[in-house]
Amino acid sequence: MRLQPPTRLGLGLALGLLIAAPTAASAQDAAAFFKQNCTSCHTIGGGRLTGPDLKDVTKSRDRAWLTDFVLAPQAALDRGDPYALQLQQEARGVVMPQVAGINRDLVSALLDLIEAESALPKSQFAGVQVSDRPFTAADVQLGTELFRGQRRLGGGGPSCVSCHTVRGTGGLGGGQLGPDLTKVYERLQWRKALATWLNAPPTATMQTVFAKTPIAETEVLPLVAYFEAAARNGGEDDRAGLIQFVLLGLGAAALGLGVMDSAWKTRFRSVRRALVERRRGARS
Amino acid sequence: MNVRSQIAMVFHLDKCIGCHTCSIACKNIWTDRKGTEYMWWNNVETKPGTGYPTAWEDQEKYNGGWEVVDGKLRLRSQSKTKSVLNIFHHPNQPTIDDYYHPWTYDYQNLFNAPEGPDQPIARPISMITGQPVSIEAGPNWDDDLGGSPVYAENDPNLKGLSEEQRQQLSAVERLVFFYFPRICNHCLNPSCVAACPSGALYKRGEDGIVLVDQTRCRAWRACIAACPYKKVYFNWSTGKSEKCVLCYPRLESGQAPACFHSCVGRIRYLGVLLYDADRIEEVASMPAEELVEAQRSLVLDPNDPEVIAAARANGVHDSVIEAAQRSPVYKFVKIWKIALPPHIEYRTLPMLFYVPPMSPVMSNRGDHTVDSATDDLFSDIESARIPMKFLGNLFGAGHDGKVRYALRKQKAVRWYRRALTVGDVDMATVDRMLREADTTAEEAEAIYQLTSLCTFDERFVIPPMHREEALQMLDDPMEHKQAAGFGFIAAPKRGV
């Protein structure tokens, strides 16, 4: 098929726009991207969360290495890059995920952004400031209620238990849709990281649910306190709980069948076989 | 008065020899297809016995037919609410085991079996799954009292019989049974039609034959649960319900239905009845003891000028009215009153009537002599081996008055003929007997003629069906005139 000149021109323009689009990443876009994809693990001048503090990172490592690492973190590990391995160790084995939609130009814009933010006395990405005060029993109690939905979240979001469980929730346990959060306090590395996560959940599922109904800052601390307590008391793998769950299910099923059997007591049953068996019973 | 015509039937049980020829004739014509192997639109049962499907008369289990609640007729099997609640599973369905698992034999094995130390055998094979089955029951498993302790002793009609009567029924020297052939009753108040959620079942306007529209049937199977006679069956292959069609293609061409035609004992009669359709609901909701008489009152006199005029006004053809006047069924049911509906207490108003059977007398006396000298000429009817109560349960909604009347009349006819042909009974006794049995010599002669010497045309008075007129009510026969040649519904046209 031969294209007419105007169509060809239009196609060319569209292709050009497609190629040009990422290169046009402005500082604003980079800031939005950073906020959305990086802040759950990194701060700029706020101390380390799951990942290291990025303040002045462009001064300690050269841009070429940083760009390669951000583009493909796993590849750097596979290569045996010593600094990447060190980072992995510092992050307790957590490897930086390959960010969706990342490309060389965007990395460049991000590094520009980090450089610019590092120069400021207080970056907008210094992270959430969580109080350092020790958790009290009241915090844990409030956190428990929030987690289990006994007390509604102020923002109107769904309570954690509808998708997550923590060992010791009792009965049928919590939801099975999201991961078990018993050890989340250790997994995400302590108070600050967990608080940051809760403040702006980064995963696709959590983002969809909590984007419009964020968890209030006053609720974050009690929840962190609850997760801390859960990680401390949760113990090891919960096999007994699984067995309990299965037994409970079997029991409920048997009960349900029993109720149905009595509700439909007069239902039609085999007539002929019953006659034959009654006779057999009478003879023996 | 809303006069309609109905093809009705009489089965004379005193003549039935239980040969199952009717069943085979029907089977060969209608139910030898895939999915119908287990169906017997016509079957012959032994009474006492549980029949087919097992204990179909026990509506406590099967929940068929109608009941009267607060003076209104109601289906036992479902209500509007229940039919929605049970939409995916109707709880009152008989299982295949209650009919029987149809089987054939692996005859090929007799020829193809590898050589071995044993004789090859033909194993029974399921006609549904094709897998080997163990035969546990058949459609007439209780034939001639076979398996009595399981089947005959559980006959629902034994209800109300004393323990002594029950034991006598199964005592070896006094065993008694009779045959009970059954087809669809083509009822006036059919519960199968009422139950169908799709409106697939209908009662044909011109002759009252109850049919299942195979294109509208949606396999809800509500009809199967609702029919108290269990004469609607589910074809598992086509997913549609099927039932006796009273061989309407044969009737339309003037032939008797196959089971009627083939009947060896000539027990079957077929003819037209005119009835008043406006009174069906009123009659069907009457108290049980009045039902037999009330149903008779529905049947109208085809010689009454008023009835004829009303029938004509309703579009009943003159030839049908004429057939109704010659109907043998009208004589048995309305004039002689010796044919009775089966289980009228199901309130479907069956249009198949039975002449109750005579049975041997209880002649078991202590001193080995039989004493038949008694003043009561009809004492042997009361002391017949089949208890009157049993027949009353079957043909009189639990009341035996109508059955007794029919049996006394039959006995009077026998004695009348005996006086004429053998001559060992004096005519005075016969006259007294005829009087006591509410009959006359003329009537006795007529009953004798239609019972014993009936010709084919006397037994089957089939009216011209006038399908062409019935069709015109639904379709325009001229619709395709000039539109197509022979054999085309869509007109052929030029081009591709």
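What follows is a conversation about a predicted model of two protein chains, A and B.

Student: Let's start where the chains meet. How many residues does each chain bring to the contact?

Tutor: Chain A gives nine residues and chain B gives 19 residues. Together they bury about 1,300 Å², with 55% of that area coming from carbon and sulfur atoms.

Student: How many salt bridges does the rule find across the interface of chain A and chain B?

Tutor: Four. On the chain A side, the touching residues divide into four nonpolar, one polar and four charged. The interface also holds eight residue pairs in polar contact.

Student: What makes the pair B:Asp97 and A:Arg273 a salt bridge?

Tutor: Set the value against the cut-off. The rule asks for a side-chain nitrogen of Lys or Arg within 4 Å of a carboxyl oxygen of Asp or Glu. For B:Asp97 and A:Arg273 the distance from N to O is 3.0 Å, so the pair qualifies under the 4 Å limit.

Student: Why is the pair B:Asp97 and A:Arg273 also called a polar contact?

Tutor: The side chains come to 3.0 Å, and the cut-off for a polar contact is 3.5 Å between N or O atoms, one able to donate a hydrogen and the other to accept it. B:Asp97 touches A:Ser270 and A:Arg272 as well as A:Arg273.

Student: Why does B:Asp97 count as buried?

Tutor: Its relative accessibility is 15%, and buried means under 20%, so B:Asp97 falls in that class. You will find B:Asp97 in helix α4 (residues 96-99) of chain B.

Student: Which residue of chain B meets A:Arg273 in a salt bridge at 3.1 Å?

Tutor: That is B:Glu136. The pair crosses between chains: B:Glu136 lies in the loop between β6 (124-126) and α6 (163-170) of chain B, and A:Arg273 in helix α14 (residues 272-283) of chain A.

Student: Are B:Glu136 and A:Arg273 buried or exposed?

Tutor: Neither word fits. B:Glu136 has 36% relative accessibility and A:Arg273 has 32%. Partly exposed is the class between 20% and 50%, so both residues belong there.

Student: Now within chain B, what makes B:Lys61 and B:Asp58 a salt bridge?

Tutor: Their side chains meet at 3.1 Å, N to O, which is within the 4 Å limit. B:Lys61 is partly exposed at 34%, whereas B:Asp58 is buried at 18%.

Student: How do you know that B:Asp424 and B:Arg418 form a salt bridge?

Tutor: The N to O distance is 2.8 Å, again within 4 Å. B:Asp424, at 48%, and B:Arg418, at 42%, both count as partly exposed. Elsewhere, salt bridges that share partners join B:Arg204, B:Glu206, B:Asp207, B:Glu252 and B:Arg467 into one network. Over all chains, the search finds 33 salt bridges.

Student: Why is B:Asn235 called buried?

Tutor: Its relative accessibility is 0%, and the cut-off is under 20%, so the conclusion follows directly. B:Asn235 sits in strand β10 (residues 232-235) of chain B, and its contacts include B:Arg33, B:Met39 and B:Glu242. The side chain of B:Asn235 also reaches the backbone nitrogen of B:Ser237 at 2.7 Å.

Student: Finally, how many helices and strands does chain A have?

Tutor: Chain A comes to 14 helices and zero strands. Of its 284 residues, 35% are buried. Among contacts in chain A with a separation of 6 or more, 60% link residues 24 or more positions apart.

Technical notes: Residues numbered from 1 in each chain as written. Chains lettered and ligands numbered in written order. Predicted model: local features only at pLDDT ≥ 70, side-chain atom pairs only at ≥ 80, totals over all residues. Heavy atoms only, no water. Contact = heavy atoms within 4.5 Å. Buried area = accessible area lost by both parts, 1.4 Å probe. Nonpolar A, V, L, I, M, F, W, Y, C, P; charged D, E, K, R; others polar. Helix = DSSP H or I, 4+ residues; strand = E, 2+ residues; numbered from the N terminus. Buried < 20%, exposed > 50% of the residue type's maximum accessible area, 1.4 Å probe, protein only. Lists of a residue's contacts leave out its neighbours within four places in sequence.
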